[in-house]
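Trainee: Please take me through one part of this model in detail. I would like the strand in the middle of the discussion, its partners, and what packs around them.

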Amino acid sequence: MTTGTDNNEHKRPDVLDCDVVRFQNAKDKWVAFVGLLDGRPYEIFTGLQDDEEGIMLPKAVNSGKIIKTVLPDGTKRYDFQFENRRGYKTTVEGLSEKFNPIYWNYAKLISGVLRYGMPIENVVKLVSSLDMDNGIDTWITGVVRALKKYVD
């Protein structure tokens, strides 16, 4: 018996186009990497831009690719690749390891909602309605800002 859902229907491509959205909340500088499938947000990675791990991008970088890499042990990582003004590719490896694990877990949840087709305006309302006591309210505000860009 099948449920009518093809397991490959929501399989993530190995490479997605990506928009880079920068924002500031209070004094903190944030960056969001919004993976796009057919021009629609499909996933999001976000956190502090000046993280000790080093998500430092030239200000001119507004887009690139998010590349899924499967390591020999079967684990996956996501890398961001962009082209500089001279046409050289630069890769920031391990987006999934660059940000606070709390943000990563919530971003995975939000990415799942995006992946399965919830309308963007509803995703924005859902994320806006989150009430967190663990200090990530500024992160939520930034995710909402990043996703509002895609609301018609």
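Mentor: What follows is a close look at strand β2 and its surroundings. The model is predicted, so local features need pLDDT of at least 70 and side-chain atom pairs count only at pLDDT 80 or more, while totals for chains, interfaces and linings use all residues. Residues are numbered from 1 along each chain as its sequence is written, and side-chain values use heavy atoms, with hydrogens and water left out.

Strand β2 covers residues 28-37, and 7 of its 10 residues are buried (under 20% relative accessible area, with a 1.4 Å probe and protein chains only). Strands here are DSSP runs of E of at least two residues, and helices are runs of H or I of at least four, numbered from the N terminus. Two strands count as paired if DSSP finds at least two bridges between them.

On one side, β2 pairs with β1 (residues 15-25) in the antiparallel sense over 9 bridges. Within this pair, F33 of β2 stands opposite V20. The β1-β2 hairpin has 2 residues between its strands, and A26 takes a positive phi near 55 degrees.

β2 also pairs with β3 (residues 40-48), again antiparallel, over 8 bridges. L37 has R40 of β3 as its bridge partner, and L36 stands opposite P41 in β3. This hairpin likewise has 2 residues between its strands, and D38 in the turn has a positive phi of about 55 degrees.

Both pairs belong to an open sheet of 6 strands with antiparallel pairing, in the order β3-β2-β1-β4-β5-β6. β3 and β6 (89-92) are the edge strands, each with a single partner, so one side of each has no neighbour in the sheet. Neighbouring strands are turned by 35 degrees against each other on average, direction ignored.

Two helices touch β2. Helix α2 lies across β2, β3 and β5 (76-83), running at about 170 degrees to β3; axes are lines fitted to C-alpha atoms, for helices over the stretch in contact, and angles run from 0 to 180 degrees between N-to-C directions. Helix α4 (residues 137-148) packs on the sheet and touches β1, β2 and β3, its direction making about 125 degrees with that of β1. Contact means heavy atoms within 4.5 Å.

α2 (residues 101-115) also packs against helix α3 (residues 120-128), at an angle of about 155 degrees and with the axes 10 Å apart. That makes the two helices roughly antiparallel (over 145 degrees). I110, V113 and L114 of α2 meet I120, V123, L126 and V127 of α3.

Note on methods
Buried means under 20% relative accessible area, exposed over 50%, partly exposed in between (1.4 Å probe, protein chains only). Angles under 35 degrees count as roughly parallel, over 145 as roughly antiparallel, 65 to 115 as roughly perpendicular and the rest as oblique.
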